[in-house]
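Colleague: Could you take a close look at one part of this model for me, namely the largest cavity, and say what lines it?

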Protein chains: 2
Amino acid sequence: MSDASVTIAVDVMGGDDAPSVVLGGVRQALATDPSLHVLLVGPADVVSPESSERVTPVVATQVIAMGEHPANAVRTKKDSSIVVGCRLVKEGRADGFFSAGSTGACMAAATLGMGRITGVSRPAIATVIPGAARPSVLVDIGANADVRPDTLVQFGLMGRAYAQVVLDVAEPRVALLNIGEEPTKGSALAQEAHVLLRDHVRGFVGNVEGRDIPAGTVDVVVTDGFTGNVALKVLEGLAVTLFAQIKGVLMATPLTKIAAMAIVPGLRRLKDRIDPDTYGGAPLLGVNGVCIIGHGSSNERAVANGIGVAARAVRGGLVTRIAEGIAAQPFQE
Amino acid sequence: MSDASVTIAVDVMGGDDAPSVVLGGVRQALATDPSLHVLLVGPADVVSPESSERVTPVVATQVIAMGEHPANAVRTKKDSSIVVGCRLVKEGRADGFFSAGSTGACMAAATLGMGRITGVSRPAIATVIPGAARPSVLVDIGANADVRPDTLVQFGLMGRAYAQVVLDVAEPRVALLNIGEEPTKGSALAQEAHVLLRDHVRGFVGNVEGRDIPAGTVDVVVTDGFTGNVALKVLEGLAVTLFAQIKGVLMATPLTKIAAMAIVPGLRRLKDRIDPDTYGGAPLLGVNGVCIIGHGSSNERAVANGIGVAARAVRGGLVTRIAEGIAAQPFQE
């Protein structure tokens, strides 16, 4: 393999089925990427036995649970796996961090621990949506419920950098999520943001509507964290609901059960293709380091993909790309 | 039939396939509901031949096209089918109005022609979402991109009245669309609205998230027109995309094609069940009369269901219910 050597710190205590699922995911990731090294962060009894040529245990004695108040937990639990993992990136011992733990705690720990990239007003969380025509980056999916128009310009630039790195698109097409195609449509925020995005984001192609997210008509969809979170959860919710109902159709009668045997493999491939886990977690964009956050319900494959995406973001120079984009526009914090 | 006699004005020129699809839909509606009378509004050569015991032609010489600027068109085309249809309700000649024409023009014509219900600050557009557990009313789906917290209280009350009338739920459960369950989550708008909804909307059960819309966990989901429009279009877009991809799976090989014969009837029933046309169009809530707006792409069944919903809203006393709800809360325009 010609891939550059990369070290990712992994929170072994993140996720509903930690640490076993995380350990399984780490093994998968190591098997896939021979140039990957892992700093395994967590309790001594969990991480120490995993020590190997490419796995270095780093003991963290505390754990932040899913329900804890993020900022308080990060402030008080300085030896938690999330805080220690972010610190390893800050100190240059790791190139990136992956956790399937509390999104809020990861955000707080990364923002405090790694700091923001110069000029970034608000870090944002993105995710890759598997659209019918192509995957696209949706940003923000929940970090910032209220934003200013110029914040959306920064989201556009950060989303663009992420699409270049993880979707391998040299010149991503960036669009604003709105409720009509014309620039004058939508909320005051959307109308003002449209003008700013047009003037300051390379590859801006205008507005898209909700239906364009599942269709996959552009590479980056920019929106505030409120709208983005609702859109993402509608999408995930309908996919879950529909596949459950389709299963009901397939299992309805002895005849449909026989027919299902021919159909199920194709449906399973379709389900895998639209499964968000395929793209491995949500990046926290705008912090001065690579930080990928996985679903709490991540399975081994999702953990492996999340670690893989972190390595890819490091190798693709995500932080430098974002810093260059932010430096070139007029809205500096 | 014991149903009360109802007269609905129908815009024969509304929709992509007008007038033929509208005429077909009117016939279906009349066949389904023996107490229904229709005022067929449009050009003389289209409406006059349709005259019968239960169909009264009303000539309107002008047509508002889908692309026209709504307010301008309504102001200048006073003899258009949309403006005339709304006037028939205002004058008491019709009990309600249905059009599959321009949503913006219907809104402008109904608001100007019928006026607002006393105390209503902003009329809103709702729609029924076919959730997995139960259908629910989503309001607003695009009439108001920017709203105040107290506007969402009015949306909650209007959505509640609509759910009582068309979903036959005596005590609808009303929720606020947000990005977390706790009252303190979400945008400033959502946080303030949560408190007001709790204090002023009977049946308010708290926040729901995007995934609750396809799941169908409550009877009424309240949101601003920006978020609601995005959510609706994500939902419609993913349903279209997924069924197209499933069709690809079924048609992939000779074997899957044979198996598909057993599966397709069940899938078709599922598709029909989640088809928004089942619930027939979107009501404009808050105007002083019943006004139901259909998709531009409505087929005959959708038109028939839209007319049926208009009749149902009239018989259920929708306008009176909304007026009572609005009068009982402190936010009066």
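Modeller: What follows is a description of that cavity and its lining.

This is a predicted model, in which local features need pLDDT of at least 70, side-chain atom pairs count only at pLDDT 80 or more, and totals for chains, interfaces and linings use all residues. Residues are numbered from 1 along each chain as its sequence is written, chains are lettered from A and ligands numbered from 1 in the order in which they are written, and side-chain values use heavy atoms, with hydrogens and water left out.

Searching the whole structure gives 3 cavities of 30 Å³ or more, a cavity being a set of points, on a 1 Å grid over the protein atoms alone, where a 1.4 Å probe fits but cannot get out. The largest of them has a volume of about 50 Å³, the volume being the space filled by probe spheres set on the points, which are joined across faces, edges and corners. Its lining (residues with an atom within 4 Å of a point) consists of A:Leu152, A:Leu176, A:Leu177, A:Ser187, A:Leu189, A:Ala190, A:Val222, A:Thr223, A:Asp224 and B:Phe226. Two or more of these residues come from each of strand E7 (174–177) and helix H7 (188–200) of chain A, where helices (H or I, at least four residues) and strands (E, at least two) are DSSP runs numbered from the N terminus. By residue class, the lining divides into 7 nonpolar, 2 polar and 1 charged, with Ala, Val, Leu, Ile, Met, Phe, Trp, Tyr, Cys and Pro counted as nonpolar, Asp, Glu, Lys and Arg as charged, and the others, Gly among them, as polar.

Technical notes: 1 Å grid on protein atoms, 1.4 Å probe; cavity = no way out; pocket = protein on both sides within 12 Å on 5 of 7 lines; lining within 4 Å.
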